[in-house]
Amino acid sequence: MKYFQLFLCTLCMVLFSYTIEAQENTNQNKFRQLKQELATPNVYRNAAGAPGHEYWQMKADYKMSVELDDEKQRILGAHKITYHNNSPDKLTYLWVQLDQNMRAKDSDTYKIQTSEINEKTSFRDIKKMTNDFDGGFKIQKVEDANGKAMNYTINKTMMRVDLPTALEPGESVTFGMTWWYNINDRMKIGGRSGYEYFEKDDNYLYTIAQFFPRMAVYNEVEGWQNKQFLGRGEFALAFGDYEVSITVPADHIVASTGELQNPEEVLSAEQRRRYKEAKTASEPVMIVTQDEAEEAEQSRASDTKTWVFKADNVRDFAFASSRKFIWDAIGVPMGDKTVMAMSYYPKEGNPLWEQYSTKVVAHSLRVYSKHTFDYPYPVAISVHAARIGMEYPMICFNFGRPNEDGTYSARTKYGMIGVIIHEVGHNYFPMIVNSDERQWTWMDEGLNTFVQYLTEQEWERDYPSRRGPAYKMVDYMKGDKNFISPIMTNSESIHQFGNNAYGKPATALNILRETVMGRELFDYAFKEYSQRWMFKHPTPADFFRTMEDASGVDLDWFWRGWFYTNDHVDIAIDEANLYQMNTRNPDIEKPLAKQKNEGKPDITKMRNQDAIAKTALENDPSLRDFYNDYDQYKVDKGHQKDYERYMNNLEDAEREIVESGKHYLELKFSNIGGLVMPLILEFTYEDGSTEIHRIPAEIWKLNHEKISKVFVTDQPVVSVTLDPYRETADTDESNNYWPPQQENSRFKIFKQRSYWSSGENPMQRAKRMGE
């Protein structure tokens with residue numbers, strides 16, 4: 001046994017050594033092409049990153065009726081799905097998503113949650129541990145178009161529907177379902193959708209999504225995308241046309257995906273008049289005022305109304321319903337049509353929501369459309385719901401609630417504006433540019449967060465954006481690598497979800513735009529990608545390839561470093577050496593040599609001036625010879641002739657270099673963090689002027705660890721700053737200076753809270769002080 005164990009240990013050492021040697025013998029250059037990492041181009045997705053000439057995608061149409069039970073907080077529904085097989089494949093079964101099953105009592109979502117007890121454990125944490133909510137779809141029946149029961153199998157959040165006969169290419173099949181589920185209390189157990197209960201007036205505000213069984217995506221990349229929904233990796237959905245009838249208490253107002261088909265049945269004549277006025281108004285028009293909403297809060301209708309909505313070419317459907325809703329709207333010209341930007345909010349959202357929400361929606365549509373494509377849908381809606389930000393086609397649910405006294409902090413205000421921009425922006429990514437969220441969160445969240453940053457900066461100068469600028473990613477990127485996942489990580493396996501899927505890709509795109517590609521090339525390529533993949537299903541490779549193909553910039557090094565690794569940026573100035581060419585002109589070089597070699601302090605000589613009364617030479621003049629009177633810095637005729645001979649042997653171009661008087665600065669750099677990046681250098685000259693030098697990242701192509709470069713200048717450089725505008729996310733700026741600079745840190749002294757530290761926001765304090 002002992003010898004066998006020794007054999008195994010030896011074998012492991014040999015294999016490990018072989019692995020190390022094999023890695024050293026493969027191409028590890030940071031600029032090698034992304035051939036192995038990306039799928040091979042084909043007739044469905046070509047090498048340029050565009051849909052291929054045989055690209056196809058499925059379509060799923062829905063005709064649905066749902067009822068909101070305001071007494072028991074339930075959704076009851078029935079729908080017919082018509083599924084169009086546009087693939088070249090024969091299908092014997094279909095996969096349907098049952099996302100509400102994430103909240104079933106036996107859900108894997110609860111089972112796989114890690115937990116612990118510590119001083120920060122809250123009642124909400126305990127609630128999650130116990131899970132007594134009866135969630136999940138209650139499927140009543142699944143039947144074909146003729147009402148005949150179909151065989152189906154439920155596997156947690158997925159359901160396989162077995163077809164009695166195979167669905168051939170080019171054919172379609174219609175089948176129906178009936179279901180219901182209990183709506184979750186978002187404020188207690190969380191959730192992307194659910195209800196909020198207002199105890200003061202005994203009312204509910206419902207934000208309803210993932211409320212019906214939805215078709216999974218089938219494509220040539222994944223086959224059926226039937227990866228289980230565990231709660232983090234969001235949705236992969238097919239486009240289709242929807243007709244949805246929503247039955248609610250008669251005193252409710254409904255906001256929904258799509259266009260309202262029966263306004264005469266659910267809106268008053270005055271509300272319809274206001275809606276028409278809003279289409280051409282210069283300011284948002286109140287369709288339901290706060291006074292009217294407060295009056296409705298006190299009512300309890302015993303009858304119902306059915307709101308009917310249609311939506312074409314959308315990938316999903318959601319709605320909100322409450323008797324508490326204030327509703328305002330404004331028309332936004334968009335190409336040859338007018339888009340209705342609208343907001344629905346309870347009085348608890350004011351004054352913030354009345355002042356900002358609809359204007360932020362309109363602003364978002366304008367800026368996003370500028371960078372992508374004209375918004376194609378008829379409406380864009382922002383609904384106020386505490387604590388969440390969530391997106392669906394044409395409608396989104398957004399946080400941002402003032403205090404009860406109507407005041408609010410700057411954080412609340414800008415958080416609300418930012419989340420509305422972000423969630424409205426999701427109409428573009430992924431509602432239209434329809435990436436697979438279940439697999440790649442960054443493809444919608446990262447791209448959307450990037451355009452959100454551009455939109456925020458066009459809202460207000462110096463807008464306090466949380467994400468976008470490179471320096472805001474530094475703390476994350478220099479952290480513990482055990483808790484930093486590469487961006488190209490499946491949604492369910494990401495550490496630090498927000499930084500990884502939102503912040504880092506947004507930062508990467510901003511760096512591409514501002515530093516690597518430039519705005520003109522980037523903006524053209526980004527818009528090309530957006531327009532190529534409108535109403536289609538792109539993959540990461542499609543994005544990477546399009547950005548390169550449309551710009552003519554090789555970005556494989558950038559995708560590899562920023563998206564496939566967790567390396568960080570830390571480039572250091574290791575050494576700086578100043579040079580000036582020896583002109584051989586004795587009239588210039590001799591005085592310079594004298595200045596260099598003489599007049600430097602020498603402590604011994606200084607003290608000997610007084611300590612030695614007379615030297616031997618001073619006492620005995622006979623000791624003097626030629627060298628005691630020889631001046632090595634004096635220019636003689638021989639020096640002049642040597643110089644003339646040297647210059648006469650030079651070509652004109654060489655003579656021009658010698659006589660130019662240029663200065664030479666040799667800089668040596670090291671790449672400590674691993675990510676290769678362009679070098680942005682600011683030179684400060686002797687006269688105080690400055691100059692920026694931008695060196696492409698390809699300077700690292702032959703050695704990604706250490707490089708040197710010589711710069712030729714007209715006057716001496718007295719200092720150099722690397723990355724002066726903080727545009728590369730360099731994690732250690734202390735090594736970015738020559739001569740080195742000491743960066744001072746500041747500290748605060750904390751004392752126990754006193755009467756003047758009351759926790760008021762500035763608006764409350766100003767009110768109290770009468771300002």
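**Strands, a buried asparagine and a surface patch**

An open sheet is built from four strands in the order β8-β9-β18-β14, with antiparallel pairing. Strands β8 (194–198) and β14 (253–256) stand at the edges with a single partner strand each, so one side of each is left without a neighbour in the sheet. From one strand to the next, the twist averages 10°. The model is predicted, and the description below follows its coordinates. Strands of a sheet pair through backbone hydrogen bonds, either parallel or antiparallel. At the β8 edge, the partner is β9 (residues 203–208), and five bridges link the two in the antiparallel sense. Within this pair, Gly194 stands opposite Thr207 of β9.

Asn184 sits in the loop between β7 (172–182) and α4 (186–189). Its relative accessible area is 2%, and because buried means under 20%, Asn184 counts as buried. The side chain of Asn184 has a polar atom 2.9 Å from the backbone oxygen of Gly190. A polar atom of the Asn184 side chain also lies 2.8 Å from the backbone oxygen of Ser193. Both distances fall under the 3.5 Å limit for a polar contact.

Further along the chain, strand β26 (residues 679–685) has six buried residues out of seven, so this strand is largely enclosed by the rest of the structure. Strand β26 is joined to β27 (residues 690–695) by six bridges, and the two run antiparallel. One pairing in this set is Glu682 with Ile692 of β27. The hairpin of β26 and β27 has four residues between the strands, and in it Gly688 takes a positive phi near 95°. Strand β26 is also joined to β29 (residues 717–722), here by five bridges and again in antiparallel fashion. In that pairing, Phe683 stands opposite Val720 of β29. In a regular strand the side chains alternate between the two faces of the sheet.

The last site is on the surface. Ile117, Ile126 and Met129 make a nonpolar patch of about 280 Å². Of these residues, Ile126 belongs to helix α3 (residues 123–130). Ile126 has 35% relative accessibility and therefore counts as partly exposed, since that class covers values between the 20% limit for buried and the 50% limit for exposed. The value for Ile126 is also over the 30% that a residue needs to be part of a patch.

Technical notes: Residues are numbered from 1 along each chain as its sequence is written. This is a predicted model: local features need pLDDT of at least 70, side-chain atom pairs count only at pLDDT 80 or more; totals for chains, interfaces and linings use all residues. Side-chain values use heavy atoms; hydrogens and water are left out. Patches are made of residues with over 30% relative accessible area and no salt bridge: like charges are joined within 9 Å, nonpolar side chains (Val, Leu, Ile, Met, Phe, Trp, Tyr) within 5 Å. Accessible areas come from the Shrake-Rupley method with a 1.4 Å probe; for residues, only the protein chains shown count as cover. A salt bridge is a side-chain nitrogen of Lys or Arg within 4 Å of a carboxyl oxygen of Asp or Glu. Buried means under 20% relative accessible area, exposed over 50%, partly exposed in between (1.4 Å probe, protein chains only). Two strands pair if DSSP finds at least two bridges between them. Axes are lines fitted to C-alpha atoms, for helices over the stretch in contact, and angles run from 0 to 180 degrees between N-to-C directions. A polar contact is a pair of N or O atoms within 3.5 Å; within protein, one must be able to donate a hydrogen and the other to accept it, and residues adjacent in sequence count only if both atoms are side-chain atoms.
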